[in-house]
There are 2 protein chains.
Amino acid sequence: MPYKAAMPTTYAVIMAGGSGTRFWPVSRSASPKQLTRIIGETTMIQATVARLQPLIPAERVLIITTAQLAVETRRQLPMLKPEQVIAEPVGRDTAACVALAGLIVERLSPGATMIMLPADQIIQPADSFQAALAAGVAVAQHGRLVTYGIVPRFPATGYGYLQLGEAHPAEGGIRVSRVARFVEKPDLERATQYLAAGNFRWNSGIFTWRTDVVLRELGVHCGWLTEALKPVAAAYGTPRFDAVLAEVYLPLKKVSIDYALMEHAKDVAAVEGDFAWDDVGSWDALPAHLPADASGTISRGETVAVGCSDCLLVSEPGAPLVAAANCHGLTIVATKDAVLVVPRGEGQAVKGIVDELGKRGRKELL
Amino acid sequence: MPYKAAMPTTYAVIMAGGSGTRFWPVSRSASPKQLTRIIGETTMIQATVARLQPLIPAERVLIITTAQLAVETRRQLPMLKPEQVIAEPVGRDTAACVALAGLIVERLSPGATMIMLPADQIIQPADSFQAALAAGVAVAQHGRLVTYGIVPRFPATGYGYLQLGEAHPAEGGIRVSRVARFVEKPDLERATQYLAAGNFRWNSGIFTWRTDVVLRELGVHCGWLTEALKPVAAAYGTPRFDAVLAEVYLPLKKVSIDYALMEHAKDVAAVEGDFAWDDVGSWDALPAHLPADASGTISRGETVAVGCSDCLLVSEPGAPLVAAANCHGLTIVATKDAVLVVPRGEGQAVKGIVDELGKRGRKELL
């Protein structure tokens, strides 16, 4: 890996506080998507850390999660020291994560570069991703705020887009452009236009910047946030950390990094991400990333499919065997305490089940 | 119940050795349909005994089951003495059951009447059934072999039929006819003709006769069978019973009572059964007998249905909750170790799953 030798000191900050129930019954409030083995043999957060390894050693990984999830997160990542998993007492959106992580990284290694990324994305293959990250780290050395724009494969309405502006010099053979505009999730008509136009990319929510640069920019656009968080960074690694964090965090206003900074910053670059990327918003996202049998049916765990086609059958460890006969286009997921059946393409309907269980007070199932 | 006072001494003999897996995953080889709560709050065999109670007290009930099922059968029917549950070491078809039960009943109460019936039928309402049985008992006093012909509700291809001949006098207001012919399971065209013709009835597999009459008739048509079984009946109620039964039963030829006797006997009468009757051959039979919600969905156990229609959702005690969203016309059944999903109307496809599990050597699931 030639880029590795040349890499400046780089930290990865993984945002892992998500609490979705879109993968119910596997994902629960106490074990959301990033902590589950929805795909692969490891959990999504384990896969995220592993995917960074050739570039970022474990000692330069920070995880930002919630107090509720911190114990399980530390358990899943035993190579991290406890303080590398930061437990937010309450969620204060992504700008606070960036500012806090930036201040901590700057304290640990002044002038270091940091990569911010979510814990719950499917990215394949890892080497294309690592090459894009290395290119982003190089671009960030010029003082640019770097995002990664995924080449769209279909007119997705579930993602935001980046409209590309003029080209920057390529980095390690990877295309780099100025970001002309951040675009909200479009309707299908617009998404189709974006795909045809050729200069739109999916907004991956992955960023790279030098900490001194991002802190300076945050100081310009959002100075109250970095000021508030300085005492927290100062307490990092001490027994007072959680207490100081709680004191500062509770009164903070919630702002996203897109709104606080990226949409206003002058010099945002997009590094091209030409790899399979998915933020897997529901069970429907999985089949694209898992091998199917000749009938189009995908199985995880112990299952039996007789006369079925295009089904996704999941039996989690400890769950009953899942058997389907003559079923077509169904998602069937069994855990030890709940079974889900929903047609493929209608995975969002899981929300209705979760809402109903909430009404019934069945918190242990949520 | 006016018929009760006038009833001659009558025994009920319940054939309960069935071992089907058509209700997999609820029915298993160790707990077939008759021993499960597929419908109602009691098992089918418990419901069968309860349904007879106003006519036949528990002390005049005999159960014929297999050695494998006898322990669980006795457990479910604690009001019966152990010897009232006869455990066949191997199945030798229905003629052997009739001959054995007839010899035992004749020994216990010479000249008594006996009702033979399966343990795994849905019959509603109980009082119409009891009235038909009482009529059958009365008809049997004239020396006739009585069957019960169910008024067909649709052109069923899964049942045998009785073609009715000339009318006998009605009994207690219930129609009685000579049986002109026993008819095998027809194809749909023939079944439709039978329904239109008006003189065909579903063959319920329920019989009533005086024991002296049925033993005399068996002696004529199948003398080797009654001869062979006499020593078994003589040992009934003694510690030698199971040993004698095994010794006699093992070499016996398998013959059905229809083939051995009913199709040859001269004086077979059909008592009209004008009640809901179902031998519930698969999960598809259940919805007709269970209350549905406004969407046509039927639930047993803890289930959640959101945006569903015409589904059958079953969560057995100890099984995961069953949740379905936007599903239509599906049967979903969860037990603690297996989940079944199959479209309604295709319940026979369960056989393919059972076969596959057999191939995999998963005996504990069968």
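This passage walks through the two chains of a predicted model, from their arrangement to their buried strands and some unusual backbone spots.

Residues are numbered from 1 along each chain as its sequence is written, while chains are lettered from A and ligands numbered from 1 in the order in which they are written. Because the model is predicted, local features need pLDDT of at least 70 and side-chain atom pairs count only at pLDDT 80 or more, whereas totals for chains, interfaces and linings use all residues.

A turn of 180° with a shift of 0.0 Å along the axis lays chain B on chain A, and the RMSD is 0.0 Å (copies are superposed by least squares on the C-alpha atoms of residues with pLDDT of at least 70 in both). The two copies are thus related as by a two-fold rotation axis. Of the interface residues of chain B, 100% are also interface residues in chain A, so the copies meet through the same surface.

The largest nonpolar core has 249 residues. Such a core is a set of buried Ala, Val, Leu, Ile, Met, Phe, Trp, Tyr and Cys residues joined through C-beta atoms within 7 Å. A residue is buried if 20 or more other C-beta atoms lie within 10 Å of its own, exposed if 12 or fewer, and partly exposed in between, with C-beta atoms placed from the backbone. Among the residues with the most contacts inside this core are B:Ala101 and B:Val341. Leaving aside residues up to four places away in sequence, B:Ala101 touches B:Val13, B:Leu62, B:Ile64, B:Met114 and B:Met116 (contact means that C-beta atoms, placed from the backbone, lie within 7 Å).

Two of these partners, B:Met114 and B:Met116, belong to one side of strand E4(B), together with B:Pro118. Helices (H or I, at least four residues) and strands (E, at least two) are DSSP runs, numbered from the N terminus. In a regular strand the side chains alternate between the two faces of the sheet. On the other side of E4(B) lie B:Thr113, B:Ile115 and B:Leu117, and both faces are covered. Strands pair if DSSP finds at least two bridges between them. E4(B) runs parallel to strand E1 of chain B, joined by six bridges, with B:Met15 partnering B:Pro118. With strand E9 of chain B, E4(B) pairs in the antiparallel sense over four bridges, and B:Ile115 stands opposite B:Thr208.

B:Val341 brings the story to strand E17(B), where it points the same way as B:Val339 and B:Pro343. Six of the six residues of E17(B) are buried, so this strand is largely enclosed by the rest of the structure. A hairpin through three residues joins E16(B) to E17(B), and five bridges link these antiparallel strands. E17(B) also pairs with a strand of chain A: E15(A) runs parallel to E17(B) over four bridges, and A:Ala323 has B:Leu340 as its bridge partner.

Finally, a few backbone spots deserve a look. Most residues other than glycine have a negative phi, and most peptide bonds are trans. A cis bond nevertheless joins A:Trp24 and A:Pro25, with omega about 10°, and another runs from A:Gln124 to A:Pro125, with omega near -5°. Positive phi values occur at A:Asp93, near 70°, and at A:Asn326, near 55°. A:Asp93 sits in helix H4 of chain A, whereas A:Asn326 lies in the loop between strands E15 and E16 of chain A. A:Asp93 is partly exposed, with 17 other C-beta atoms within 10 Å, and A:Asn326 also counts as partly exposed, with 19.

Methods: Contact = placed C-beta atoms within 7 Å.
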